Amino acid sequence: MTELNKKVFLTNTYKRKMNSKNMKYFNSLSSMHKYLLIGLSIIMGEVAIAQNSLQLSSQNIDEVVQAMNLEEKATLCCGVGTFFRDTGKGIAGATGGVAGMDRFGFPQTYLADGPSGLRIKETRKGSTLKFPITAFPSPILMACSWDIEAAQTMGRCIGNECKEYNVATILAPAMNILRFPLCGRTAEYLTEDPVLNGRIAAAYITGVQSQGVGTSIKHFVANNQETARKINDAKISMRTLREIYLKGFEIAVKTSSPWTVMSAYNKINGVYASENKWLLEDVLRREWGFKGIVMSDWDAGMDGAKQIEAGNDIVEPGYAIQRDAIISAVKNGSMKEEVLNRNVKRILQYIVKTPAFNHYTFSNAPDLQTHHTVARLVASEGMVLLKNNAALPMSAGSKIALYGNAAYSLNNREVGLQHGLSVASFKVNKTLANTYKQYLGIDTTAQEVQLTEGGMIYTMFKATPDIQELKFENNDLKAQSRSNDYAVIVLGKGAGESKDCGSIDFELTQGEKELLSKVCTAYHTVGKKVIVVLDIAIPIETSTWKELPDAILCAWQGGQEKGFAIADILGGKISPSGKLTVSFPAKLKDSPAYDNFPLDENYDWDWAQHGFLGKKRLPENDKPVKNIHYTNYAEGIYVGYRYFDTNHIAVSYPFGYGLSYTSFKYEHATIVPSTEEFIATVTIRNTGKYAGREVVQLYISAPQGELVKPQKELKAFTKTKLLQPGEDETVTMRLPIYMLSSFDEQSQHWIADKGTYHAYFAASAKDIRQTVNFKLKRTFDEDLYSDKLNF
């Protein structure tokens, strides 16, 4: 480069770094003074670089913390924005991130939402690349598999997509207990039972983190309703909190070590979860030994400085006002800088684990073909056969009449049931299908144009919500029943974040009831079978209509492969093995939390103002409103089946229930003591005509001591391998004594009374197959720091 070119280059470089005011001063200088000023700037810059050459590594984290100034520390404890827009920078669709700092040599890292796989945009501004992701089954469907290996495999696939697309942590799994059927986020959660919750979540976490990326278990804790979630105060007894709402998180933390935990929006007994030092420091870290970072839910809490002091390491999405509050708290002495340093150190320990920090080469090419296969398998493993009156599996090549708006209204990238059945060689009535598509406003011509990706085919049209079911004349149904072998009716119920469902969502609509009744009448008159598929996001009322159809399959929300997975089950390629992870009450009023849930409150939440808009608005300066400002968890530990079984209340379908195409016999059940645990074994024999898998559930009935206990509680479970007809397998379940204990509020200890316990080897909470008694010879009395978990 010539001297003249060097001067031009230096001048232009310097100009780009100057503001307009300084630029005017610079232009007034002589050429000699300009170059002297430029040269001095370069020298000073080189000196500054030399003085700040400390680069973060896993070995010098404490040194980097000490080298940071207060503003840098506060910045690191604030997120870097919400929902990265398609600006050509970062990852479009990512939820947020953790700040990077060039001065110390570490990059910004990204966070992305779930729940059913990685949630990012598939295109980015300025890039010709595509970033396709897999839409996996809903978490509740994954949990209904009761399959540790399946959950881990699904997690591993999601982790692979995170890693290859430069996402450091996925904000999943969601682990809040399903205390009432109408929670808006039911499909994102796993179960009403804490043991099942913790173990399935732990498997998912292990799978994701095997890929070198992180998970964020959420929402810690007691975010069990969406209505007023940012201000609601969950009033819960300590025993209930420990045994029901914290237990799943405890199991997941102790057995899978998630990288991060997301604190919840709500208050717990008067204190915001993200500002709750007892929850985040005493319980999570000191008692359970959590080593990762805690981040707030987006816009949670009220005081950024209080959140930091409580052990909430990062406030999300991160605002200047939060950063300034942290800085002010340190400067005015209300928070010690050592507290801030503690959080910063944790964040740096997180950063050095991320792929971006470790210079991983992101391929932008995850193994989508394998992921599609896994999504299909997990969906079929979790779907629950609720009824089968010799209707399933359907005969190969049968003619199918497919009814119901939900059979044809799909989300992007879902394989429809029509397509899935057709690929499985069933003959779906095209005339009926076209009638529905025209009624729903679906462009039938456009639908024939399929998008092929990774060898799979996806229909590309959106769901059509809130359209009444198509009505049929009796003569039309009679004609259809004569020309088709089966009727398949798909009933759909949606739900989602920020709003709970109402009582109307629990019931079938009048149109759905009429369709079901008329189709069943027409087909049964000519000796044909009717099958109902439930494409639902919440448990629904089934007791008043379940006798009408010949078979009912609860498909939940099956993800992009749902059409194939449903067809696999209906056609008998796979024998159903899913079991319910939540009770289906006969009536909504039977649910133990019925009086303590914001049912039909009809408030619309205003995220920005922490207030309400819409049909109802809470009066200002008025007394607190039940189930809005606060919710009483009056049912205590009696959630779900614990309540129904203890109080002998009939349900439509019990917890743990699910049918198979084959049958199983339970034999030779045993319980033997070992060091700090009991070992349970039972032999499962396939006594039917189809290959199948069985979920084995172990419930324990404890002796009644000073603490009153439910009739029985799930304490362990397993799932057999695929058993051929006549084949058997002896399965083993570990039962830590710690898991037999109840929380004593007076002593603050976990206590399992000595005496005789009853072990129920069961196919559901209501289907006990074998019972074995065993004795605990001495009372187990353990403080809060027990790590005795070994499944």
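The exercises below, each with a worked solution, concern a predicted model.

**Exercise 1. Describe the protein chain as a whole: its secondary structure, its burial, its contacts and its surface.**

Solution.
Step 1. Secondary structure: the protein chain has 23 helices and 32 strands.
Step 2. Burial: of its 791 residues, 59% are buried.
Step 3. Contacts: taking those between residues at least 6 apart in sequence, 76% join residues at least 24 apart.
Step 4. Surface: the accessible surface is about 31600 Å², and carbon and sulfur atoms account for 50% of that area.

**Exercise 2. Find which residues touch the most other members of the largest nonpolar core, and name some members of a second core.**

Solution.
Step 1. The largest nonpolar core holds 83 residues. Those touching the most other members are Met394, Tyr403 and Trp556.
Step 2. A separate, second core has 73 residues, among them Ala151, Ile205, Ile244 and Leu280.
Step 3. Ala151 can also be placed in a helix, since it is one of the buried residues of α7.

**Exercise 3. Check the length of helix α7 (residues 148-164), then decide how far the helix is enclosed.**

Solution.
Step 1. The expected span takes 1.5 Å times one less than the number of residues. For the 17 residues of α7 this gives 24 Å.
Step 2. The end C-alpha atoms of α7 are 24 Å apart, in agreement with the expected span.
Step 3. The buried residues include Ala150, Met154, Cys157, Ile158, Asn160, Glu161 and Glu164.
Step 4. In total 12 of the 17 residues of α7 are buried, so the helix is largely enclosed by the rest of the structure.
Step 5. The cover over these buried residues includes α6 (139-143), β3, α8 and α15 (368-382).

**Exercise 4. Repeat the length check for helix α13 (residues 320-331), and work out where its buried residues lie around the axis.**

Solution.
Step 1. With 12 residues at 1.5 Å a residue, α13 should span 16 Å, and its end C-alpha atoms are indeed 16 Å apart.
Step 2. Buried in α13 are Gln322, Ile326, Ile327, Ala329 and Val330.
Step 3. These residues cover an arc of only 160° around the axis, which puts them on the same side of α13.
Step 4. The spacing can be read against helix geometry: an α-helix has 3.6 residues a turn, so residues three or four places apart point the same way.
Step 5. The buried residues of α13 pack against α5 (70-76), α12 (304-310) and α14 (337-351).
Step 6. Exposed residues Ile321 and Lys331 sit on the face turned away from the buried side of α13.
Step 7. After α13 comes Gly333, which has a positive phi, near 85°.

**Exercise 5. Analyse three salt bridges: Glu497 with Arg185, Glu281 with Arg285, and Glu667 with Arg685.**

Solution.
Step 1. The count of salt bridges comes to 44, the cut-off being a nitrogen within 4 Å of a carboxyl oxygen.
Step 2. In the pair Glu497 and Arg185, the closest N and O atoms are 3.4 Å apart. Glu497 lies in the loop between β15 (486-493) and α20 (503-506), and Arg185 in the loop between β3 (169-171) and α8 (194-209), so the pair ties together parts 312 residues apart in sequence.
Step 3. Glu497 is partly exposed at 33% relative accessibility, whereas Arg185 is buried at 3%.
Step 4. Both residues belong to a salt-bridge network that links Arg185, Glu188, Glu226, Arg229 and Glu497.
Step 5. For Glu281 and Arg285 the closest N and O atoms are 2.9 Å apart. Both residues lie in helix α11 (residues 277-287), 4 residues apart, about one turn of the helix. Both are buried.
Step 6. For Glu667 and Arg685 the corresponding distance is 3.2 Å. Glu667 is in strand β23 (residues 664-674) and Arg685 in strand β24 (residues 677-686), so this pair ties together parts 18 residues apart in sequence.
Step 7. Glu667 is buried, with a relative accessible area of 13%, while Arg685 is partly exposed, with 27%.

**Exercise 6. Is Asn197 buried or exposed, and which residues is it in contact with beyond its neighbours within four places in sequence?**

Solution.
Step 1. Asn197 is in helix α8.
Step 2. The cut-off for buried is under 20% relative accessible area. At 1%, Asn197 counts as buried.
Step 3. Leaving aside neighbours within four places in sequence, Asn197 is in contact with Met175, Ile177, Leu190, Thr191 and Gly248.

Definitions and conventions
Residues numbered from 1 in each chain as written. Predicted model: local features only at pLDDT ≥ 70, side-chain atom pairs only at ≥ 80, totals over all residues. Heavy atoms only, no water. Core = buried A, V, L, I, M, F, W, Y, C linked by side-chain atoms within 4.5 Å. Buried < 20%, exposed > 50% of the residue type's maximum accessible area, 1.4 Å probe, protein only. Helix = DSSP H or I, 4+ residues; strand = E, 2+ residues; numbered from the N terminus. Arc of directions from axis to C-beta. Contact = heavy atoms within 4.5 Å. Salt bridge = Lys/Arg side-chain N within 4 Å of Asp/Glu carboxyl O. Areas by Shrake-Rupley, 256 points an atom, 1.4 Å probe, with all protein chains shown as cover.
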